[in-house]
Amino acid sequence: MKKEAAIALSLANLCFIREWSVILKRSNWFSINANLIPLHLAALVLNVLALAGAAYLGVALARTSRNGSAMAFARWAFLGMLIVVLNVAREMSGLNYSDFLFSHIGYWKFILDYDWPFVAARFALCAAVVWGLFQRRIRTVRIAVTGIVAFGALILPPFVTEPVLFSSLVLLIFLQWRDRVIRIAARTLLVLSPFVLVTFSQAAWGLASIRSILRNKPAVKAALAKEVSKVRVLWLIFDEMDQRLTYAARPPGLELPELDRLRAESLYAANAYSPANSTYVSLPSLLTGQLVSKSDLFPSEMLITWERTGRKVKLSEQTSIFSEAVKAGHNAAIASETENWQLIFEPQTTVKFKDNFTVEAPGREIVRIMANQTSGLWPAWSSSRQKVSLNLISDQSTVNSFKNNLHNAKICLQTPDLGFCFVYFILPHDPYIYDRATGEFVYDYIDTPQGYLDNLALVDRTLGELRSAMTQAGTWDATTVILSSDHHWRKSKDFDGKLYERWVPFVVKFAGQKEGSVYERRFQTLCTHDMVLALLGGEISDPRGLARWLDKRRVSP
């Protein structure tokens, strides 16, 4: 029975190969709260063991019973698990183009956006299924029916999706050569069984690595300034906040009263553009004031490549807006929804916040993670289930991280002796965690354009809560607020067919400002770094002064 146990373990491990490929990739850890990674690794190991145990026990019971029906059921269950593995492999290869079911861009436009291999693959898939269904028919009838149905599957919207077609084809193969398939599959799984040791050992190494990172978090090195800063600056970044959909051409029915209120009493830059269209390139550029061309992610560090020199350096060792603000005599803080930004920059600040994410009930959280991982065994409707798996991982922590970051930001902004605070929220970037119709948080990842608009509404609500907290503490009217984003909404073309790259909101409300103004000239928001230092240093003190400063310093994108 040892051989059967090895086969069951190997098969169960391969069923979760997509989840392994996501969680074992260290660069993905930068996007996940560090405290949650051990839970995902543990849940994945438990899922593999549970599925393998169930498969092994089922086969053992069927053999012990010596019942023909029980043995037949065991064989079909084995074949069903093979279908799961093959379907996961198909999805990871990208053989799926049914995303159009979730958009309104039109079937023909959808087809034209894809390369011929996708169309050819679907045609071959349809032809193979129909050929198998009509295998007992006359050859000419078989060929005619196969061609007509397969061609029809191309010119009509594919209501029969790739997972169904693929599963049907595999099922037909099993029906034709069931016993041979089982023998070959069993031998193959036995050969691949050492792969279980590979994934389990990598999981153990990952647990040790992440615990080391959590134990050795860098401490705040800068001393707290004794004098209270005369100038207070808040720099708010909302990830992937699109200027067109937020202000310039807001969709009907989307109400953003707090953002409109801020715009009405601020300098509103109508044509601001981010340094890049990726967070991991744009944000380091913004915070250092120098253009970055590339970034390489690690669990608690980022290697960046300077665009001007091509030199690769550690981001944590570079001069940033935080170190420069502290050097100028101001207390500085960072409140980030993604913990890794704090691991990199918090040592350069004068304020230490509590961890963004804590697990209150680890056992319950592991059970929920196991359920989400198991749901990935069912056929997916997305062209990139691997991306969805990553979003499911981050979705588990996003609501918790958001709430903790909002709490930290409120503490930061209510502190009277803080001169500069940088606050970063993942919103309105996916995962989409809010339902604006009910005003409630949601925990199921749904990648739809409406989800982005819901998250925009949460941005508005967040701004309102921050403003209310600062007003109660008496710091709102004493603070200059900069609101912007790191890049545009990269999926806006799926929403309405339009895409304006790197066009982001840029709003600056000066301390005590009540009347708004508009700045129309184009500029790149890379200058925000120098702008903050100019504000802290008193070089800029009002909207007119900022407009003159931008005229001199702006760089057209």
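The questions below deal with helices and a small group of strands in a predicted model.

In this predicted model, local features need pLDDT of at least 70, side-chain atom pairs count only at pLDDT 80 or more, and totals for chains, interfaces and linings use all residues. Residues are numbered from 1 along each chain as its sequence is written, and side-chain values use heavy atoms, with hydrogens and water left out.

Colleague: How do the axes of α19 and α20 cross: parallel, antiparallel, perpendicular or oblique?

Modeller: Helices here are DSSP runs of H or I, at least four residues, and strands are runs of E, at least two, numbered from the N terminus. The axes, lines fitted to C-alpha atoms over the stretch in contact, come within 12 Å and cross at roughly 140° (angles run from 0 to 180 degrees between N-to-C directions). Under 35 degrees counts as roughly parallel, over 145 as roughly antiparallel, 65 to 115 as roughly perpendicular and the rest as oblique. So α19 is to α20 oblique.

Colleague: Which residues of α20 make the contact with α19?

Modeller: Contact means heavy atoms within 4.5 Å. From α19 come Asp530, Met531 and Ala534. From α20 come Leu546, Trp549, Leu550 and Arg553.

Colleague: How far apart are the end C-alpha atoms of α17?

Modeller: Helix α17 covers residues 449-473, which is 25 residues. The expected span is 1.5 Å times one less than the number of residues. That gives 36 Å, which agrees with the end-to-end distance of 37 Å.

Colleague: Which residue of β15 is the bridge partner of Ala272?

Modeller: Strands pair if DSSP finds at least two bridges between them. Two bridges join β3 (residues 272-273) to β15, and the two run parallel. The partner of Ala272 is Phe523.
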